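Got your viewer open and a selection box ready? Let's take a walk through this one, stop by stop.

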Amino acid sequence: MPPVNAGSKYRTETVLLNATSEITVYTVPATFASHVQHFFVGNSHSGNVTLRLDWYHADSTTEYTIMSGYTIAGGAIASIFTVDKPLFLHAGDILKCTANTADVLSVTVSAEEFLDPTRG
């Protein structure tokens, strides 16, 4: 991770999981490192929905499952990563989600991105 004084920018993105296949929810831009400070999922459905979260690690070109079969109750939200439980990513890393029901889960990622010119 580059030093904090190198400058940073804040970014928040929300993605509706509009299919039951894997959907990219956040990609770290080239030449940046990222501190995911909040990653939460909202369920607008009345019933439970399960979520799978995968991480593509660009350095090793490998995809890892962070969680599978995580149940989010109807009408609830779930915080996966928070300020006190962050996730650190590097350029080209990707977070992907899969829901067992389409059009009911919204995923929001709030991250601080740091310029890291040593990474592609």
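Leaving aside its neighbours within four places in sequence, which residues is Gly74 in contact with? Select Gly74 and look around: the contacts are Asn43, His45, Ser46, Gly47 and Asn48. Keep in mind as you go that this is a predicted model.

**Stop 1: around Gly74**

Gly74 sits in the loop between strand 5 and strand 6. Its relative accessibility is 30%, so Gly74 counts as partly exposed. Now add Ala102 to the selection and draw a C-alpha to C-alpha distance: Gly74 and Ala102 are 14 Å apart in space, with their positions 28 residues apart in sequence.

**Stop 2: the core**

Next, go inside. Nonpolar side chains tend to be buried together in soluble globular proteins. Here the largest nonpolar core has 28 residues. To get a feel for it, show Leu17, Val25, Val36, Phe39, Leu95 and Leu105 as sticks; these have the most contacts inside the core. Then colour the elements that give two or more residues to this core: strand 2 (23–27), strand 3 (32–43), strand 4 (49–57), strand 5 (62–72), strand 6 (77–81), strand 7 (87–90), strand 8 (94–99) and strand 9 (105–115).

Zoom in on Phe39. Apart from neighbours within four places in sequence, Phe39 is in contact with Val25, Leu53, Ala78, Ser79, Ile80, Phe81, Leu95, Cys97, Val107, Thr108 and Val109.

**Stop 3: Thr108**

One name on that list deserves a click of its own: Thr108, which is found in strand 9. Buried or exposed? Thr108 counts as buried, because its relative accessibility is 9% and the cut-off for buried is under 20%. Show its side chain along with that of Thr14, and you'll find a polar contact between the two at 2.9 Å. With neighbours within four places in sequence set aside, the contacts of Thr108 are Thr12, Glu13, Thr14, His38, Phe39 and Phe40.

**Stop 4: a four-stranded sheet**

Switch to cartoon view. Four strands form an open sheet in the order 2-8-4-5, with antiparallel pairing. Strand 2 and strand 5 are at the edges with a single partner strand each, so one side of each has no neighbour in the sheet. Look along the sheet and you can see the turn: neighbouring strands are rotated by 20 degrees against each other on average, direction ignored.

Now pick out strand 2 and strand 8. They run antiparallel and are joined by four bridges. Select Thr24 and you'll see Lys96, in strand 8, standing opposite.

**Stop 5: salt bridges**

Stay on Lys96 for a moment. How many salt bridges does the model have? The count comes to six, and Lys96 takes part in one of them, with Glu22, where the closest N and O atoms are 3.8 Å apart. Glu22 lies in the loop between strand 1 and strand 2 while Lys96 is in strand 8, so this pair ties together parts 74 residues apart in sequence. The two ends have their own surroundings: Glu22 counts as partly exposed at 36% relative accessibility, whereas Lys96 is buried at 14%. Elsewhere, Lys9, Arg11, Glu13 and Glu113 are joined into one network by salt bridges that share partners.

Select that group and start from Arg11. Its side chain meets that of Glu13 in a salt bridge, 2.3 Å from N to O. Arg11 also forms a salt bridge with Glu113, with the closest N and O atoms 3.0 Å apart. This second pair links distant parts of the chain: Arg11 is in strand 1 (residues 8–16) and Glu113 in strand 9, 102 residues apart. As for accessibility, Glu113 is buried, with a relative accessible area of 0%. Arg11 counts as partly exposed at 25%, and Glu13 is partly exposed at 24%.

**Stop 6: two positive phi angles**

Last, the backbone. Most residues other than glycine have a negative phi. Select Thr61 for a positive one: its phi is about 50 degrees, although it is not a glycine. Thr61 lies in the loop between strand 4 and strand 5 and is exposed, with a relative accessible area of 58%.

Then jump to Asp103, in the loop between strand 8 and strand 9. Its phi is also positive, near 70 degrees. Asp103 is partly exposed, with a relative accessible area of 45%.

Definitions and conventions: Residues numbered from 1 in each chain as written. Predicted model: local features only at pLDDT ≥ 70, side-chain atom pairs only at ≥ 80, totals over all residues. Heavy atoms only, no water. Core = buried A, V, L, I, M, F, W, Y, C linked by side-chain atoms within 4.5 Å. Buried < 20%, exposed > 50% of the residue type's maximum accessible area, 1.4 Å probe, protein only. Contact = heavy atoms within 4.5 Å. Polar contact = N/O pair within 3.5 Å; in protein donor to acceptor, adjacent residues only side chain to side chain. Pairing = 2+ DSSP bridges. Axes fitted to C-alpha atoms, helices over the stretch in contact; angles between N-to-C directions. Salt bridge = Lys/Arg side-chain N within 4 Å of Asp/Glu carboxyl O.
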